[in-house]
Amino acid sequence: MKPIAQRIANAVYQNGPARILCFACLAAQQRMKEHDLRAVALVLMVRADLRVVRRVCSSCRRAGEVLIAQKVA
Ligand SMILES: [Zn+2]
C-alpha cells in the first residue's frame, strides 16, 4: 500500500467510531484534496477493510459519504 493510503487508513482508525468524518472534513484534517482522498479511499476499500457509507459527519454535521473501518460499521 502507498504511504498516503496507509496514512489515511491510520487516520480513520485513530478517529474511530466517535469521530466519523465526511470526505471534505477528513481531507481537511489530512491536508489533502477531497478528490485525492476519494481516489485513496477506493484503494482502502479493497486493501484495508474500510468502507464508504452514508453518515452524519462528526465535524460539520452534514449527512454524506464517510470512510469508516469495517468493524465499527
Ligand atoms: Zn464533515
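This is a short talk that walks through one predicted protein model, from its overall layout to a few individual residues.

Hello everyone, and thanks for coming. Please keep in mind throughout that we are looking at a prediction.

Let's start with the overall layout. The protein has three helices and two strands. If you follow the chain along the sequence, they come in the pattern α-α-α-β-β. The radius of gyration is 11 Å, and the globule rule for 73 residues gives 11 Å as well, so the protein is as compact as a globular protein of that length. To get a feel for the dimensions, the C-alpha trace spans about 30 × 25 × 20 Å along its principal axes.

Now, how much of the protein is buried? Buried residues account for 23% of the 73 residues. And where do the contacts come from? Taking contacts with a separation of 6 or more, 51% of them join residues that are 24 or more positions apart.

Let's move inside. In soluble globular proteins, nonpolar side chains tend to be buried together. Here, the largest nonpolar core has 16 residues. The ones with the most contacts inside this core are Ile-8, Ala-9, Leu-21, Leu-26, Leu-44, Leu-50 and Leu-67. Four elements each give two or more residues to the core: α1, which runs over 3–15, α2 over 23–29, α3 over 34–47, and β2 over 63–69. Which of them gives the largest share? That is α3, with four residues.

Please find Leu-44, one of the core residues I just named. Setting aside its neighbours within four places in sequence, Leu-44 is in contact with Ala-5, Ile-8, Ala-9 and Leu-50.

That leads us to the pairing of α1 and α3. Their axes come within 9 Å and cross at roughly 80 degrees. An angle of 65 to 115 degrees counts as roughly perpendicular, and α1 and α3 are therefore roughly perpendicular to each other. On the α1 side, the contact is made by Ile-4, Ala-5, Ile-8 and Ala-9. On the α3 side, Leu-37, Val-40, Val-43, Leu-44 and Arg-47 take part. What kinds of residues are these, by class? Eight are nonpolar, none is polar and one is charged.

Let's stay with α1 and pick out Ala-9, which is found in this helix. Is Ala-9 buried or exposed? Ala-9 has 21 C-beta neighbours inside 10 Å, and the cut-off for buried is 20 or more, so Ala-9 counts as buried. Beyond its neighbours within four places in sequence, Ala-9 is in contact with Leu-44, Ala-48 and Leu-50.

Ala-48 deserves a look of its own. You will find Ala-48 in the loop between α3 and β1. Despite that loop position, Ala-48 counts as buried, with 21 C-beta neighbours inside 10 Å. Ala-48 and Ala-9 are 39 residues apart in sequence, and their C-alpha atoms are 7.0 Å apart in space. Another residue to compare with Ala-48 is Gln-6, also a part of helix α1. Here the separation is 42 residues in sequence and 8.6 Å in space, C-alpha to C-alpha. Gln-6 itself counts as partly exposed, with 14 C-beta neighbours inside 10 Å.

From Ala-48 we can also step across to Gln-70, which lies in the segment after β2. The C-alpha atoms of Gln-70 and Ala-48 are separated by 8.9 Å, with their positions 22 residues apart along the chain. Gln-70 is exposed, with 10 other C-beta atoms within 10 Å. Leaving aside neighbours within four places in sequence, Gln-70 is in contact with Asp-49, Leu-50 and Arg-51.

Finally, a word on the backbone. Most residues other than glycine have a negative phi. Where does this model depart from that? One place is Arg-31, with a positive phi of about 55 degrees. Arg-31 lies in the loop between α2 and α3 and counts as exposed, with 6 C-beta neighbours inside 10 Å. Another is Arg-61, whose phi is positive too, near 70 degrees. Arg-61 sits in the loop between β1, which covers 50–56, and β2. Arg-61 is exposed as well, with 9 other C-beta atoms within 10 Å.

That is my tour. Thank you for listening, and please go ahead with your questions.

Terms used. Residues are numbered from 1 along each chain as its sequence is written. The radius of gyration is taken over C-alpha atoms; the globule rule is 2.2 Å times the number of residues to the power 0.38. A residue is buried if 20 or more other C-beta atoms lie within 10 Å of its own, exposed if 12 or fewer, and partly exposed in between; C-beta atoms are placed from the backbone. Two residues are in contact if their C-beta atoms, placed from the backbone, lie within 7 Å. A nonpolar core is a set of buried Ala, Val, Leu, Ile, Met, Phe, Trp, Tyr and Cys residues joined through C-beta atoms within 7 Å. Axes are lines fitted to C-alpha atoms, for helices over the stretch in contact, and angles run from 0 to 180 degrees between N-to-C directions. Angles under 35 degrees count as roughly parallel, over 145 as roughly antiparallel, 65 to 115 as roughly perpendicular and the rest as oblique. Ala, Val, Leu, Ile, Met, Phe, Trp, Tyr, Cys and Pro count as nonpolar, Asp, Glu, Lys and Arg as charged, and the others, Gly among them, as polar.
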